[in-house]
Each structure stands twice: as C-alpha cells, then as structure tokens.
Amino acid sequence: MHTRYRQGISMNHDAYTTLRVSCEDGTARVTLDNPPVNVLDVAMMADLRHLLTALKDDDSVRVIVFDSANPEFFIAHVDMSLVDTPDAFDKIAADLPDGVNVFQALGELLRHQPQVTIVKLAGMARGGGAEFVTAADMAFAAIGRAGIGQIEALMGVVPGGGGTQYLANRIGRNRALEAVLGADLYDAETAERYGWVNRAVPSDELDDIVGRLARNIAALPEGVIAAAKRAIAPADLAEGLLREHDAWAGQIVRPAAEHLIRGGLAHGAQTHDGERDLEDLLRGLPG
C-alpha cells in the first residue's frame, strides 16, 4: 500500500493502493505507482476517480501535479487483461454521468477539475495514459525520456477514453488522424511541436520548471484560478464523446481486436521489457 496522508486536505477517504499523495503550500503531488508498468487498471482508475472527487471541494489545494514512481512509464495504457474480465468496471460504471463510458468519465473528471492539473511526463504514456495526459490542463515532457502515443489501432480499436476528441481539440484533425492511425510513439520535441504538450524540457530541469510553475499558480490571489478556468473553459465535447464511444464499441467486439489484445499479452505486453517497444511488438503479431 502506498499512502502518505496530507496536511490540509480532507482525510475522509480510503487509502490509495496505486497512488502516493502529499500536499505542500497549496499543491497536491500525486505519484502514480502501480507496478510493474503503471497500467490503468480497475484499481488505479478507482483511486484516481476517488482522489479527484475528494479534491474537488478542497479549497486548500489549488494545483495538482501528477508524476510517476516508474522512471520509464507514466501510464502504460489501459489494462489489456480486461479482455478476460469485461465486467470489471461495472462497480465504477454504476454512477457514471450520462453520455460517457467509464474511460471517458475519468478524462472528463480531470478536464473539469477546479484545480489546475499538471502532468510531469518523464516516461511513456500510451493509449489511456496518453488520454490522461491530454485531459490535464498542462503537460511538460522530459527530452530523451518522455514518449506519448495513441496505439489503440494496433489492437484493432480506436481510442475510447476521450483521446480522439482531446487530440483533435488540441492538435487539429489532421494530426489527430496521424496520431490515431499511425499509432506511433511521439518524442517530447515532436509532441511539443504538435501542441500535444506545453513544452519539451531538459530532463534534469523538469522538476524545477514544473515545481516553480505550480508554486507560482498556488500563490495567486484568491479567485484568480477559478476566474481563469471559467474564462478559458474546456470545450464541450459531448457529441464527439458519443461518436467516439460508438466507434470504439463497434471495434472492440470484433474478433480481430480480441486476437490482437490476447496476442499482445502473450508476447510480453504489460511486462517491463515488452512495453519498451510495444508498437513493434503489436505490429509483429501474426494476422
């Protein structure tokens, strides 16, 4: 269990099993810690939803910074083993808002968080991990270490957790199609050039740059953050999320998707070594 209780934050919630959480001077630091490669499984999704919901009404927290305990992986992707337990998310899905699936609901919760949310991307974020990064208010990527990509097409599906909508809104339709259908891993510099992340920064400066920004934002006069987030509101993606879900749901039931997902797991996906070159692994699977 990885739990560090926080000063100044409501304590009336359970301990987290996949997160380390601490708070100082108005900034909550959330370290993702779900070995071996930080897959977005039921436990991590439940922890993130619980945390974001608990922080929503906590006025002592103004900024939330996400990083990873694993230097190579931020969030690898959604847990591929869910192919064998399709009802695993039923408990979480029971109280979802209308119009979103369980994966989209996490992204929408993050996108509409009252605090400023910042991702420190110093490893790889694929699939649902990339969707999480794109849903945050800001992301800063470490040069030579960070990688981000929507790899779902290699599993016979399309992004189903908001990725198609978040990407098109952030980098434009043409580049979103490139990222979704090309299914490559993008380095920090390319992600910055596309507008996928705020900035690509030297790896040894990532902590200082994000830390300074978080402190400066947390120290702003009362009401400024809320006013800015009200003025620069997240786009209304309701119709697009419905289209995305229909596209994803139509593909996930096809035999090709199950074949590719099971093949990926059999050949090392979700292991440390297999995840390093996951795109090549999936492209090399027999048809």
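**A predicted model: sheet, turns and a helix pair**

Me: In this predicted model, which residue in the turn of the E1–E2 hairpin has a positive phi?
Reply: E1 and E2 form a hairpin, with 2 residues between them. Phi of one turn residue is positive, at about 50°. That residue is not a glycine. It is Asp25.

Me: Is Asp25 buried or exposed?
Reply: Asp25 lies in the loop between E1 and E2. Its relative accessibility is 67%. Exposed means over 50%, so Asp25 counts as exposed.

Me: How many bridges join E1 to E2?
Reply: Strand E2 covers residues 27-32, and E1 and E2 run antiparallel. Val21 stands opposite Val30 in E2. Cys23 stands opposite Ala28 in E2. The number of bridges joining E1 to E2 is 6.

Me: Do E2 and E3 run parallel or antiparallel?
Reply: Strand E3 spans residues 63-68. Thr27 stands opposite Val63 in E3. 6 bridges join E2 to E3, and the two strands run parallel.

Me: What are the edge strands of the sheet?
Reply: The sheet is open, has 6 strands and shows mixed pairing. Its order is E1-E2-E3-E5-E7-E10. An edge strand here pairs on one side only. The edge strands are E1 (19-24) and E10 (199-202).

Me: By how much are neighbouring strands of this sheet turned against each other on average?
Reply: The strands in question follow the order E1-E2-E3-E5-E7-E10. With direction ignored, the average turn between neighbours is 20°.

Me: How many residues of E2 are buried?
Reply: E2 is largely enclosed by the rest of the structure. Leu32 is found in this strand, and it counts as buried at 0% relative accessibility. For E2, the buried residues number 5 of the 6.

Me: Why is E3 described as largely enclosed by the rest of the structure?
Reply: The description rests on burial, and buried means under 20% relative accessible area. E3 is largely enclosed because its buried residues number 5 of the 6.

Me: How far apart in space are Leu32 and Arg20, C-alpha to C-alpha?
Reply: Leu32 is in strand E2. Beyond its neighbours within four places in sequence, its contacts include Leu19, Met44, Leu48, Phe74 and Ile75. Leu32 and Arg20 are 12 residues apart in sequence. In space, C-alpha to C-alpha, the separation is 6.6 Å.

Me: Is Asn38 buried or exposed?
Reply: Asn38 lies in the loop between E2 and H1. Its phi is near 55°, a positive value in a residue other than glycine. Leu32 is in contact with Asn38. At 2% relative accessibility, Asn38 counts as buried.

Me: Which peptide bond is cis, with omega near 5°?
Reply: Most peptide bonds are trans. The cis bond ends at Pro36, a residue in the loop between E2 and helix H1 (42-56). It is the bond from Pro35 to Pro36.

Me: At what angle do H4 and H5 pack?
Reply: H4 holds residues 128-135 and H5 holds residues 163-171. Their axes are 9 Å apart. H4 is oblique to H5 because of the angle. That angle is about 45°.

Me: Which residues of H5 make the contact with H4?
Reply: H4 passes H5 in a left-handed crossing. H4 contributes Glu131, Val133, Thr134 and Ala135. The contact residues divide into 4 nonpolar, 2 polar and 2 charged. On the H5 side they are Gly163, Tyr166, Leu167 and Arg170.

Terms used
Residues numbered from 1 in each chain as written. Predicted model: local features only at pLDDT ≥ 70, side-chain atom pairs only at ≥ 80, totals over all residues. Heavy atoms only, no water. Axes fitted to C-alpha atoms, helices over the stretch in contact; angles between N-to-C directions. Helix = DSSP H or I, 4+ residues; strand = E, 2+ residues; numbered from the N terminus. Parallel < 35°, antiparallel > 145°, perpendicular 65-115°, else oblique. Left-handed = near helix turned anticlockwise from the far one by under 90°. Contact = heavy atoms within 4.5 Å. Nonpolar A, V, L, I, M, F, W, Y, C, P; charged D, E, K, R; others polar. Pairing = 2+ DSSP bridges. Buried < 20%, exposed > 50% of the residue type's maximum accessible area, 1.4 Å probe, protein only.
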